Amino acid sequence: MSELEKCLHQYMDAFLGPVRGDAATGDRSETEKRSSLSRYFRSIIDSSIGPATARDESAIVGDLQKKLVASGRDVRSALSVSRLYGLLKQRDPTHNWWAVLYFVAECCTTSSPPASATGMASSSYIAQRTSSPWAGAAAVTAAERMLPPYYQSKQQQQQQRQQRHHPYAAAAYPEYAHIPGQRSRSPIRQAVHQPMDSQQLGVFLHRELPTYDDVKEADLLRDIIFVMQGIDGSHIHWNSRQQGYAISADIQLSRPTRSMATSLSELGVLTRDIQSYIATIDSSGRLFEQSFCTELKAEMSRYYKLVSDIEGRLFKAPRTLQPGESPMGVTLRRLFCWMIEPRQKLRLMVTAITKVQEGAGGGDVLSIISTLVDDGDPFIQAFAKRLLKTASAPFNQILVRWVTDGELADPYEEFFIRKRENRRDMFWSEKYTVATDMIPVHINGEMTRKIFQIGRSLNFLRVACNDAQWVIDDGPRTQLTSDLSDPRNLESFVYRSSSMVNQRLMRVLQDSYDLMGHVNAMRQYLLFEQGDFALALMEVLDNQMGSVKSIMAHDLSAVLSSALRSSNVQLEEDSKHLASLVLTLNDNSTTTTTTSNESPRKGWEDVSLAYNLEPPLSHVIPKLTMRQYFEVSRFLLRLKRAEYALNSIWRQQMTEARSYQRTEELRRRKDGGSRDADGSSHDLLRQTMRECAIACSEMIQFFNQVQRYISLNVIEGAWGEFLDSAGAAAAAAATQDAAASREIDIDAWNEAHSKYIAVVHEIVCGSVSGLGFQRNLSGIFDTAFQFTTVARELYSDRVLLSRRAAVSQSPEVSSVPAPRRGGLIEHMQKYRADSQEPQSSDNTSRMRTIVSRFKTQVRGLMRVLSHNTASDLQFLVVTIDFNGVYTNNNNNNSN
């Protein structure tokens, strides 16, 4: 026989009793019962059915207490189960004791054998079952009741019937014979009106459990009053492991009492958390957090006052009681009801404290509290509004001072505007920044920008523009009439102040510092829109480059002054624009120091034209914008230089052509039309000069078209858009025409100005998406300068040939007697014939190579321009190749 079958037989003996001798020999009904019961037990084992109960530890503890009472134990024995459970939880709070309690409950159910198995029961158990007339019936186990009547013996069925119909005898349970506050009933009356089973006994137990607490209610209330203030009591102590208050394990409390005491102990836990946070902030907290703690302290003061009133009512004398009031002014149930709302407040405060500690501080504190204001619960909303009003007090003070005086009084950097030190050169754009993580949620993006703009403008007026008197007398402080803690009042004030401050700042910059005048001067001089000034500067620089071997830094001021006096710029009334112009040498060149072995060599590439702005305009216009002006000016200066050099060659060609025509006419008249000995050289030189003149005209036409496009289409077009977006509004603000002016601030004006110069810089100097004339014309510039060098050499050859012919054929020179030491004329003729023999053939080949390379480069530029979608660039291609010379030459070469 297996161990399972042995256990099943023992279990059947526990239910049906041991096998009697007559049943073992021939009782068929007894055998069928045991076989059916064995199959029933095996079906239960094979089904793997789990316990059909919820995993609730408290429910199992309650069931155990009911079973103990139903088995005849006294109430104190039933309460010992709660004590045991408390000890288990105190030993390990995180452990799930449900399985252990369920096992104990099952053992309690199956550990008592029925009366038929008296041989297997202990003596104490038998004595307990026979202590009352119906104790045996009350001790029928749950397993016996679950069995069908078919599997129960006749004795068991009779015991259950007696239990159902036997009256509730007071003698069976003497502990309940005299219940305080209940009318005594005779056993017969109770039997008629109050029959009770085990479930009714459980209800009766829960109704009477508070009368069996080990601690008096007054003592327990005294402990709870201390705990509510974060102080340990006599029976309730702080458990550092559980981080909460726990009731001493050596006292027994009923479930309702323990539940209410535990709930009220939560107030002490919340109080300790709040007091700990307040102590931390008081020692090392920032301004916003200290203001937040101020409201917490106020709420805690009201809470402590409530606790004090409850304590006074708990211990007040009976003679002061109101009519009909209980001798005990405070009960546990009353205290539990009174502390529902304070407990909710403390929970809200702890929740807010937790979120504030997790946040970034500063304005984020107000954002966290604002989320509670949007809650749908009226109680939470009202409490959060009070908390927000107090916590936002320092924020409102900093905000008012910023938008009225332009001063940032933020010692702990909690405001959403931050000050950056060591930013004197970029006073407007980089001195103040916005910390986006500190912006409260009730301030939107547009209002944030306006608040930042108002304070920055006021600070700029006071410090950079020396207009502090207007800020004090007529600034936004005069418009401050309401409390800015209300979001609606704050929004209205910000929008009014923004318009007023922006108009004032634009008017000061326009009237006192001539902002638009300086921008227009940079357009005229740096971008060479003043044509006579550009021509005068080219002439002076060309003379300076040709007369000295090097250009020193101190010579450039004289060059610029000469150029200004040679143009119509000298007629300008406002000379401060001219004072801002300066010629500089590039940073990568040595300018002032020389040695005896090496002298500085400077040329056109080392000279640049710059424009120096004085504060406060230098703070308004960024350095990047001025750098873009400088780069565009350098390119245009090189373009002007190429154009000036080609025009000089063209003028020299025209002069030499007329001179050559007169010389040839005189020679033919003298010689009678005969050709000289050097006729072949003159023919080759004339052919070369003709090709040079044609190439020079082509180059001049090309550079004229490029310059026209940059000046008219690029610079003037972008300038017109800039005036439409910012210039007209700035002029209207300067004349205080509020109706005609659009609301524009310095940032909007600066954005329009930066866009204007960025468009010019993108097309002229190039970018990722732009055309970039500087990149595409760099090779053409070099080719043009090489052409001017070869052209000058060609004209030197032509002049030399003409003079040699004139000297050799002059009668005066042949009739003059030879001077001593060989004669000057003979020496000159010999030197020219031997040392300075013209290289016209070499220069001709060089010139043709350069012209061919120039045409190839122009065709490449035209291909680049033709792939651009801009219509004005397409028109530039047409103007460059107006006669089809580049296209036809390209087709001829391909054929």
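1. Let me start with helix 26, residues 556-565. Its buried residues are Leu556, Val559, Leu560, Ala563 and Leu564. Around the axis they cover an arc of only 130 degrees, which puts them on the same side of helix 26. The spacing fits a general rule: an α-helix has 3.6 residues a turn, so residues three or four places apart point the same way. Please keep in mind, here and below, that this is a predicted model.

2. Now for the overall picture. The protein has 37 helices and 6 strands. Of its 895 residues, 44% count as buried. If we take the contacts between residues at least 6 apart in sequence, 73% of them join residues at least 24 apart.

3. Strand 6 deserves a careful look. This strand covers residues 607-611, and 5 of the 5 are buried, so strand 6 is largely enclosed by the rest of the structure. Val607, Leu609 and Tyr611 point one way, while Ser608 and Ala610 point the other way, and all are buried. In other words, the residues pointing either way from strand 6 are buried.

4. Which strand is joined to strand 6? Strand 5 (residues 581-585) runs antiparallel to strand 6, and 5 bridges join the two. One pair to pick out in your viewer is Leu583 with its bridge partner in strand 6, Leu609.

5. Within the same region, I would also look at Ser608, which has its place in strand 6. Its relative accessible area is 0%, so Ser608 counts as buried. Setting aside neighbours within four places in sequence, Ser608 is in contact with Val582, Leu583, Thr584, Asn586, Phe630, Arg634 and Leu637. Of these contacts, Val582, Leu583 and Thr584 lie within the residue range of strand 5, 581-585.

6. Next, the hairpin. Strand 1 and strand 2 pair in the antiparallel sense over 4 bridges, and Asn239 stands opposite Gly244 in strand 2. There are 4 residues between the strands of this hairpin, and Gln243 takes a positive phi near 55 degrees.

7. The second largest pocket brings that hairpin back into view. Its volume is about 810 Å³. The lining has 31 residues, and those closest to the centre of the pocket are Gly86, Lys89, Ile247, Arg258 and Thr262. Two or more lining residues come from each of helix 4 (57-70), helix 5 (75-91), strand 1 (236-239), strand 2 (244-247) and helix 14 (255-284). Helix 14 gives the most, with 7 residues.

8. What is the make-up of that lining, in nonpolar, polar and charged residues? The lining of the second largest pocket divides into 11 nonpolar, 15 polar and 5 charged residues.

9. Two threonines are worth a visit as well. Thr844 is found in helix 35 (residues 840-866). With a relative accessible area of 3%, Thr844 is buried. Leaving aside neighbours within four places in sequence, Thr844 is in contact with Thr688 and Leu794.

10. Thr478, by contrast in setting, is found in the loop between helix 22 (468-474) and helix 23 (487-511). Is Thr478 buried, partly exposed or exposed? Thr478 has 44% relative accessibility, so it counts as partly exposed. The C-alpha atoms of Thr478 and Ser497 are separated by 9.8 Å, and the two residues are 19 residues apart along the chain.

Technical notes: Residues numbered from 1 in each chain as written. Predicted model: local features only at pLDDT ≥ 70, side-chain atom pairs only at ≥ 80, totals over all residues. Heavy atoms only, no water. Buried < 20%, exposed > 50% of the residue type's maximum accessible area, 1.4 Å probe, protein only. Contact = heavy atoms within 4.5 Å. Arc of directions from axis to C-beta. 1 Å grid on protein atoms, 1.4 Å probe; cavity = no way out; pocket = protein on both sides within 12 Å on 5 of 7 lines; lining within 4 Å. Points joined across faces, edges and corners; volume = space filled by probe spheres on them. Nonpolar A, V, L, I, M, F, W, Y, C, P; charged D, E, K, R; others polar. Pairing = 2+ DSSP bridges.
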